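Please load the model in the viewer and keep the selection panel at hand. The stops below can be followed in order.

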Amino acid sequence: MTRTSRWPTSLRSRLTLWYTVLLGLPLIALALGAQLLFARTLQSRTDAFIGDALTAFSRELVAERRATLSAALAIQSTISEVRFRDLHIVILDSSGKVVDMTPPQERPSPEDRRPSEEVVARILTTLRAHDLSHPVALTVPSQDGSFRVLSRPLLVANQSFRLTGAYSLRDVDDMLAQVRGVFLVVIPLLLILGATGGYFLATRSLAPVGSMANRAAEISATNLGQRLPVGGGDELVGLATVVNDLLARLEASFAQQRRFVADASHELRTPTAILRTEADVTLSRKHRTEEEYRASMTIMRDGARRLTRIVEDLFLLARSDSDQAVLRREPLYLDEIVHDVTRSVRPLAEARGIKVEVEEFVEAPFSGDGGLIDQLLLNLLDNAIKHSPHGGVVVVRMAREGDEYHVSVCDSGPGIPESARERIFERFFRVDAARSRNETSATSGAGLGLAIARRIAEMHGGRLELANSGHGVTEFRLTLPAGDQPTDARETLTV
């Protein structure tokens, strides 16, 4: 059973919700703080009013005592003559009994703020629960509203009394209720306005994202040249730029794949056409001599070998592109491989009237795939032999600099044109396509040799580059990381 999440899934709704929450929390805190501040301020003013009234009452009582002989008469006279609006005064003796007080409210009336007899009794009960030798300030709740009560000691004619004033907080409560009502109306309105504004801003801010999403939905393998619109702030500009760069790489990759497939199809078509044509010609006549059959089979064998080499090269490139090529690393000597490959291509070079020389050699312990390194060097030497003129020289040099081996293969050919130097490592690229196909070669002759050589170098953590090219000299330099001395024994080389 799938549970439905209450959290909005839309980014626009989430931003609006967060904006509303972040706006609402300070407003609520402000309302609570203002309510508390108003309540304390009004209570302080009420206490000040009651205190001033009790002070004035005590002065009048002292003056009245001077005019009379009895403290009780002075209290009774002052209570009857001195009145304060909405202030109820009660005088207690030292035992807590009521000496006199202003008349309580007899009938409930909205205009009369005096407490009823029941409320007066509750106030007196609450007062008697406190220490009457010290001033007391408290709030007594009731059905008619709360009352603020202040009580202080009073000395009249050397007699101890308790002067108490009770003031209705109905007006204060009404004012606080009005403030709460204002907040209860204003805060939701502000939240609604904030949510509306937040939704509008989120919609406007995310509009470029919608445009990018719509454009991205339109992009497919057939129109990878399109790009996402750039705009909407630094973050969205950065996102669009990254995605556009990704699309550019995908477009280049797709173009390379299409070119690779087209070139591969073209290269495979030639040997297959030779095989099919030679087979058709051979089978077109019922009777042929043994020499004719042998010649025909030789042509088909050469075509099949070239086809096999092309397929193997393509398979190696495909595996390396998909990171499925497995390096069988083993301890070996790089100089031995250079020596063996150089010796193996000498018959081919001598058949073309070209000399292969090794000028410099160093002992080079290495860890790698011997078969792939052999193929890399074979491709370099075959490429040098093909582009050297009759009577030319191919020179192989080997050196160590720090933690790197450098193997240079130089030929004495006409050099590589400036316009072709950036493309010589591309697959199926040939400076002279006709000569590469027609000449005898140790490789497929399909323009894959240098591309495979560079890929093998990269798989071993090295690099292959065109170090120099000019009339009479072309140098390819292979750089590989140096390894430790292998533990197995080796034979002495004679070059």
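**Stop 1: Salt bridges**

Begin by selecting Glu357, which is partly exposed, with a relative accessible area of 26%. Bear in mind throughout that the model is a predicted one. Add Lys355 to the selection: its side chain and that of Glu357 meet in a salt bridge, at 3.2 Å from N to O. Lys355 is likewise partly exposed, its relative accessible area being 48%.

This contact belongs to a set, for the structure holds 9 salt bridges. Another of them joins Glu475 and Arg477, whose side chains meet at 3.4 Å, N to O. Here Glu475 counts as buried at 13% relative accessibility, because buried means under 20% relative accessible area. Arg477, with a relative accessible area of 30%, is partly exposed.

**Stop 2: Asp86 and its surroundings**

Select Asp86 next, in the loop between helix 2 (71–81) and strand 1 (87–93). What is the phi of Asp86, which is not a glycine? The angle is positive, at about 65 degrees. Now display the side chain of Arg85 as well: it meets that of Asp86 in a salt bridge, with 3.8 Å from N to O. The two partners differ in their exposure classes: Asp86 counts as buried at 14% relative accessibility, whereas Arg85 counts as exposed at 68%.

**Stop 3: Helix 3**

Move on to helix 3, residues 117–128. With 1.5 Å a residue, its 12 residues should span 16 Å, and the end C-alpha atoms are 16 Å apart, which agrees. Colour the buried residues of this helix, namely Val119, Val120, Ile123, Leu124 and Leu127. These residues cover an arc of only 140 degrees around the axis, so they lie on the same side of helix 3. Then rotate the view to the face turned away from that buried side, where the exposed residues Glu118 and Thr125 are carried.

**Stop 4: An aromatic pair**

Select Phe49 and Tyr167 and show their rings. A pair of aromatic rings is described by the distance of the centres and the angle of the planes. How many aromatic pairs does the count come to? The count comes to 1 aromatic pair. Phe49 and Tyr167 form this pair, with 5.1 Å centre to centre and 65 degrees between the planes. The arrangement is edge-to-face, because planes over 60 degrees apart are classed in that way.

Widen the selection to the elements that hold the two rings. Phe49 lies in helix 1 (residues 11–67) and Tyr167 in strand 5 (residues 159–168), so the pair ties together parts that are 118 residues apart in sequence. Are the two residues buried or partly exposed? Phe49 counts as partly exposed at 34% relative accessibility, and Tyr167 counts as buried at 16%.

**Stop 5: A nonpolar surface patch**

For the last stop, switch to a surface display and select Val182, Val185, Val186, Leu189, Leu190, Ile192 and Leu193. Together they make a nonpolar surface patch of about 620 Å². Finish by centring the view on one of these residues, Leu193, which is found in helix 4 (residues 170–218). At 58% relative accessibility, Leu193 counts as exposed, because that class begins over 50%.

How values were computed: Residues numbered from 1 in each chain as written. Predicted model: local features only at pLDDT ≥ 70, side-chain atom pairs only at ≥ 80, totals over all residues. Heavy atoms only, no water. Phe/Tyr/Trp six-rings, centres within 6.5 Å; stacked < 30°, edge-to-face > 60°. Helix = DSSP H or I, 4+ residues; strand = E, 2+ residues; numbered from the N terminus. Buried < 20%, exposed > 50% of the residue type's maximum accessible area, 1.4 Å probe, protein only. Patch = residues over 30% accessible without salt bridge, like charges linked within 9 Å, V, L, I, M, F, W, Y side chains within 5 Å. Areas by Shrake-Rupley, 256 points an atom, 1.4 Å probe, with all protein chains shown as cover. Salt bridge = Lys/Arg side-chain N within 4 Å of Asp/Glu carboxyl O. Expected span 1.5 Å × (residues − 1). Arc of directions from axis to C-beta.
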